[in-house]
Amino acid sequence: LSQCIFVCTHCIVQTQPKNPLSQMSQSQFSNVLFGMGNPLLDIAANVSTEFAVEKYGAEFGNAILANEKNIGVYEDLTTNFPVQYMAGGATMNVFRVFQWMLNKGPGNCNFLGCIGNDHFGEELTKQASKDGVNVRFMTTQEKPTGTCAVLVVEEEKERCLIANLSAANEFKHEHLLKDEQLTAMKQASFYYISGFFITVSPKSMLHVAEHALQENKVFMMNLSAMFICQFFLDPVKELLPYCDYLFANEDEARALSKALEWGTDDVLKIAEKAAVLEKKNTKRNRIVVFTQSSLPICIAIQDPESDTGVRSFQVPVEKLPKEKVVDTNGAGDSFCGGFISQLVQGKELDTCIKAGSYAARYIIQQSGCQFTGEPDFTA
């Protein structure tokens with residue numbers, strides 16, 4: 001989640017052949033990316049370490065689900081703090097940043113999720129559409145729109161997330177199977193889904209992954225949070241063979257290693273092990289991208305022709321001065337959005353990493369996952 005990375009502009013090797021999509025015209029990017037996630041309305045506020053960690057059990061740089069002990073955080077925030085509302089959720093943030101970084105007009109991605117029939121749901125739809133995302137929401141009458149407490153601890157330059165999925169948890173596989181959703185899915189060439197959605201509809205994730213496999217399209221997944229590997233390992237193991245790209249931060253990578261009993265905390269070695277896991281689509285080598293805040297990015301690329309079956313390297317990063325860091329919320333999602341914005345254009349891996357780093361660097365200098373104007377990224 002908190003993948004705050006800022007890549008140096010040197011020493012990244014060329015690792016992938018040119019992608020034919022690099023010659024696509026602007027109109028051809030329409031609906032190029034498809035995904036599903038948990039749409040949440042972020043409720044952000046500046047709080048103390050005592051409030052976030054001691055009172056509500058939140059964790060720096062990590063996301064946890066709401067429970068009986070911390071469910072009061074939402075009322076506490078809205079009653080006692082000046083708050084800011086933003087369209088959020090991990091995959092939604094990826095898609096919003098993707099649209100901004102691609103910078104080729106609205107409607108280049110389709111997002112599925114479930115919201116409540118309420119004002120918050122209307123606000124989410126409005127904000128996401130304003131950022132160019134095609135939202136294909138299922139609406140439930142049973143529960144209100146999901147929320148996420150974004151606890152920004154300024155003295156630590158950290159943030160914690162407490163997510164109450166609520167309506168987001170009511171997504172039904174049947175919504176994906178509607179003709180209009182399947183049409184959007186089939187129009188796409190790239191698919192991205194965060195690991196958080198495993199808690200909601202792993203069946204839908206497998207449906208999309210299987211389509212990508214059959215059509216030789218690109219399927220990407222993010223591990224998203226430590227608890228995904230800790231408590232939802234079986235669906236993770238079922239989805240990993242479909243992954244052409246796997247994203248995570250260092251904590252999530254180590255949670256994967258522990259869950260699979262790999263016996264190492266070395267993030268680069270974990271990336272190597274993830275890269276050589278079973279892969280269903282043998283026409284494309286898996287690429288694993290594990291970030292480590294301001295430490296080097298770990299890259300591992302499946303390579304059946306090498307003695308070890310994998311090539312790996314690290315990309316040094318340039319740390320942003322602490323005084324420029326405003327809020328790390330959404331940094332990891334922004335990295336993925338920037339990365340994918342270049343991937344769909346057929347750019348080289350080094351350009352994808354630089355774009356991800358640019359987006360993450362930009363976002364953590366804002367309050368929340370927000371952006372204005374056009375990006376000035378150059379490869």
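Leaving aside neighbours within four places in sequence, which residues is Asn110 in contact with? In this predicted model, the residues are Asn31, Leu33, Phe34, Gly35, Phe95, Asn134, Arg136 and Ala184.

## Asn110 and its surroundings

Asn110 is part of strand E5, which covers residues 109–116. The relative accessibility of Asn110 is 0%, so this residue counts as buried.

Ser201 is 91 residues away from Asn110 along the chain. In space, the C-alpha atoms of Asn110 and Ser201 are separated by 17 Å.

## The chain as a whole

The protein chain contains 13 helices and 14 strands. Its radius of gyration is 19 Å, and the globule rule gives 21 Å for 379 residues. These two values are close, so the chain is as compact as a globular protein of that length. Along the principal axes, the C-alpha atoms fill a box of roughly 60 × 45 × 45 Å.

Of the 379 residues in the protein chain, 61% are buried. Among contacts with a separation of 6 or more, 74% join residues that are 24 or more positions apart.

## Surface and charge

The protein chain exposes about 15300 Å². Carbon and sulfur atoms supply 46% of this area.

The chain carries 33 positive and 44 negative side chains. The centres of these two sets lie 5 Å apart.

## Nonpolar cores

The largest nonpolar core has 63 residues. Within this core, the residues that touch the most other members are Phe34, Met36, Val208, Phe219, Met221, Leu246 and Phe290. Helix H11, residues 267–275, gives the most to this core, with six residues. There is also a second, separate core of 41 residues, and its members include Val32, Ala87, Phe98 and Ile301.

Met36, listed above for the largest core, can be followed through its contacts. With neighbours within four places in sequence left aside, Met36 is in contact with Thr91, Phe111, Leu112, Phe171, Leu176 and Tyr192, among others. The list for Met36 also includes Ile193, Ser194, Phe197, Ser204, Met205 and Val208.

## Two residues with positive phi

Most residues other than glycine have a negative phi. Asn31 has a phi near 60°, which is a positive value in a residue other than glycine. Asn31 sits in the segment before strand E1 (33–36). Its relative accessibility is 12%, so Asn31 counts as buried. Asn31 is also one of the residues in contact with Asn110.

Ser293 has a positive phi as well, near 55°. Ser293 lies in the loop between strand E12 (287–292) and strand E13 (295–302). Is Ser293 buried or partly exposed? At 28% relative accessibility, Ser293 counts as partly exposed.

## Gln366, after helix H13

Gln366 is found in the segment after helix H13 (349–363). With a relative accessible area of 24%, Gln366 is partly exposed. The cut-off for buried is under 20%, so a value of 24% does not make Gln366 buried.

Leaving aside neighbours within four places in sequence, Gln366 is in contact with Val326 and Asp327. Gln366 and Asn329 are 37 residues apart in sequence. Their C-alpha atoms are 9.1 Å apart in space.

Terms used
Residues are numbered from 1 along each chain as its sequence is written. This is a predicted model: local features need pLDDT of at least 70, side-chain atom pairs count only at pLDDT 80 or more; totals for chains, interfaces and linings use all residues. Side-chain values use heavy atoms; hydrogens and water are left out. Helices (H or I, at least four residues) and strands (E, at least two) are DSSP runs, numbered from the N terminus. The radius of gyration is taken over C-alpha atoms; the globule rule is 2.2 Å times the number of residues to the power 0.38. Buried means under 20% relative accessible area, exposed over 50%, partly exposed in between (1.4 Å probe, protein chains only). Contact means heavy atoms within 4.5 Å. Accessible areas come from the Shrake-Rupley method with a 1.4 Å probe; for residues, only the protein chains shown count as cover. Lys and Arg count as positive and Asp and Glu as negative; His and the chain ends are not counted. The place of a charge is taken as NZ of Lys, CZ of Arg, CG of Asp or CD of Glu. A nonpolar core is a set of buried Ala, Val, Leu, Ile, Met, Phe, Trp, Tyr and Cys residues joined through side-chain atoms within 4.5 Å.
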